[in-house]
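Reader: Could you take me through one part of this model up close, the place where two helices pack against each other? After that, I'd like to see what the sheets and a pocket elsewhere look like.

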Amino acid sequence: MPFTSYGDYRELIAENMAEDNEQLFHGKAKMYIATTGSTGNLKYFPESPAGDAAKQLVMAIRGMYMAGLLPVTLDMDAKNMTISNYASLGESGQGKLIVRASGQTARNMRKKTGTMNIMPQEFLEADDLSAEDRNYLMGVYALAEKRFAKIFCNNLYHFSELLRVIKTHSLQMIEDVHTGIFSIELSERTRNSLAPTFAANPARADELRQIAQKNNNILADTPENIALIWPNLEMTGCWLSATVGRDARETLAMLPKRVQSIDLGYGASEGKFNIPLKLNTPFGAIAPFAMVYEFLSMEDGKCYWAWEVEDGKYYELIITTYSGLYRYRLGDIVQIGGFVGKTPLIKFCGKRAEAFNLNGQTIYGFELSDTIVEVEKALGLRLDLVQFYADNEGYDLIVQHLPEDAAALFADEAHKACKDEFGVAPRHIYRVSDDYKLSLFRERVRPDRTVCGIKLPMMLAEMPADKILQML
């Protein structure tokens with residue numbers, strides 16, 4: 001059977017959402033999963049009962065490994081902050097719920113964690129909050145809870161956004177904790193629904209006020225200050241691969257060193273693909289029961305079964321699912337990172353579409369990124385963003401948080417490494433301003449799409465001319 005892509009299913013899915021006549025699989029759809037995708041346009045996937053059961057089983061096994069590695073996940077007194085695109089997107093023509101993949105995961109997690117959650121159901125389902133107000137309220141809920149211990153957030157950069165909001169509004173938020181009244185403007189409906197979920201806590205407010213007074217009336221500006229605010233904070237569950245891996249690394253540097261990370265697992269609206277087995281690594285074992293996997297080699301263009309792949313090599317992932325996708329091309333590139341028995345461990349590297357052709361050679365964004373990572377390691381640097389711009393004549397490198405005194409050496413080493421790896425060096429390397437990445441996230445945020453679900457692109461359609469500090 002030939003490979004397929006979303007366009008092959010678009011009309012069938014639209015028909016199914018209007019009237020479910022079992023267009024893609026036997027039986028009725030349980031729900032519909034929505035994803036924004038790399039184009040920014042919504043795509044929808046009908047979910048079969050079997051497909052949903054497979055996803056839930058992957059989540060259960062991920063939870064088992066997580067609990068073994070981080071026992072705090074089972075501590076009922078240790079509170080969670082789960083950040084997701086939670087709100088429903090409405091219903092299909094026959095009244096079936098339409099949800100985002102991360103939102104559905106959050107819903108299922110809440111069924112099992114109950115009162116362990118900092119943010120109440122009423123807040124997550126509020127549908128008239130701006131992104132700024134939502135972040136402010138999350139910050140207040142978090143400050144009010146001294147037992148805050150665990151962060152679950154696909155893109156951990158969203159938590160760094162909360163820290164920025166807390167730093168800016170520290171005293172105002174402390175007063176909210178003291179009075180039990182949110183000081184920002186809210187609709188009467190939302191304020192009434194949230195009021196029972198947030199009680200006055202003068203004792204906690206006094207604690208926070210004392211911490212702030214010793215720190216120029218600012219909270220959450222250093223790892224040491226964060227450790228005082230939340231003495232039990234010790235783990236994050238987030239994505240650790242590709243561009244989001246850099247975002248996680250940047251946020252983790254803001255947190256106390258005791259905080260450990262586990263990857264939440266590689267997945268998409270189409271399925272959940274792997275199960276992380278260790279801390280602080282993006283690799284996880286594929287879930288053989290969840291779907292059929294094929295691996296399209298980046299070297300010879302042939303397809304291989306899971307037990308035939310080779311360690312360290314790159315493949316495009318092809319899946320066949322319980323929910324009617326057959327030999328479906330996600331467009332995702334994965335790398336093999338060892339085996340458990342004959343089951344490969346994989347990590348997401350990037351999108352196949354993020355590539356350019358130069359002198360008859362295809363260069364992928366993830367390959368360039370991996371090359372720059374090696375340069376960073378050699379020089380002891382930590383860049384918070386690496387992107388590429390390419391045209392028919394060459395390519396440029398865009399980096400953020402490259403110290404000015406290390407710029408010249410980095411440029412020399414990056415040119416050399418790229419020349420050795422690809423036969424052609426970047427034309428220029430551009431240092432961009434420190435607010436560049438933040439601006440990219442904020443321009444992508446919408447009422448139904450928060451930072452937690454955004455993956456920034458490696459490849460750019462145009463140069464960020466207004467953000468360039470220096471050309472190397």
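**Two helices, crosswise**

Author: Helix 5 and helix 6 sit roughly perpendicular to each other, because their packing angle of about 80° falls in the 65 to 115 degree range that counts as such. Keep in mind that this is a predicted model. Helix 5 covers residues 131-144 and helix 6 covers residues 157-168, and their axes are 9 Å apart.

Who touches whom? On the helix 5 side, the contact is made by Asn135, Tyr136, Met138, Gly139 and Leu143. Facing them from helix 6 are His158, Glu161, Leu162, Val165 and Ile166. Sort the residues of this contact by class and you get 6 nonpolar, 3 polar and 1 charged.

Now to the sheets. One is an open sheet of 3 strands, in the order 2-1-4, with mixed pairing. Strand 2 (43-47) and strand 4 (98-100) are at its edges; each has a single partner strand, so one side of each goes without a neighbour in the sheet. From one strand to the next, the twist averages 35°. Strand 1, residues 31-35, pairs with strand 4 in the parallel sense over 3 bridges, and alanine 34 is found opposite arginine 100 of strand 4.

Helices lie against this sheet too. Helix 1 (residues 10-18) goes across strand 1, strand 2 and strand 4, at about 60° to strand 2. Helix 2 (residues 49-69) also packs on the sheet, where it touches strand 1 and strand 2, and its direction makes about 95° with that of strand 2.

Further along the chain there's another open sheet, this one with 7 strands in the order 10-11-16-15-14-12-13 and antiparallel pairing. Its edges are strand 10 (274-276) and strand 13 (303-304), each with a single partner strand, so here again one side of each has no neighbour in the sheet. Strand 13 pairs with strand 12 (residues 292-297) in the antiparallel sense over 2 bridges. In that pair, phenylalanine 295 stands opposite tyrosine 304 of strand 13.

Strand 16 of that sheet order turns up again in the second largest pocket, where strand 16 (343-351), helix 11 (242-252) and helix 12 (365-379) each give at least two residues to the lining. Helix 12 gives the largest share, 7 residues. The volume of this pocket is about 610 Å³. Its lining is made up of 24 residues, with Leu240, Ala242, Gly245, Lys347 and Val373 nearest the centre. By class, the lining splits into 11 nonpolar, 6 polar and 7 charged residues.

Conventions
Residues numbered from 1 in each chain as written. Predicted model: local features only at pLDDT ≥ 70, side-chain atom pairs only at ≥ 80, totals over all residues. Heavy atoms only, no water. Pairing = 2+ DSSP bridges. Helix = DSSP H or I, 4+ residues; strand = E, 2+ residues; numbered from the N terminus. Axes fitted to C-alpha atoms, helices over the stretch in contact; angles between N-to-C directions. Contact = heavy atoms within 4.5 Å. Parallel < 35°, antiparallel > 145°, perpendicular 65-115°, else oblique. Nonpolar A, V, L, I, M, F, W, Y, C, P; charged D, E, K, R; others polar. 1 Å grid on protein atoms, 1.4 Å probe; cavity = no way out; pocket = protein on both sides within 12 Å on 5 of 7 lines; lining within 4 Å. Points joined across faces, edges and corners; volume = space filled by probe spheres on them.
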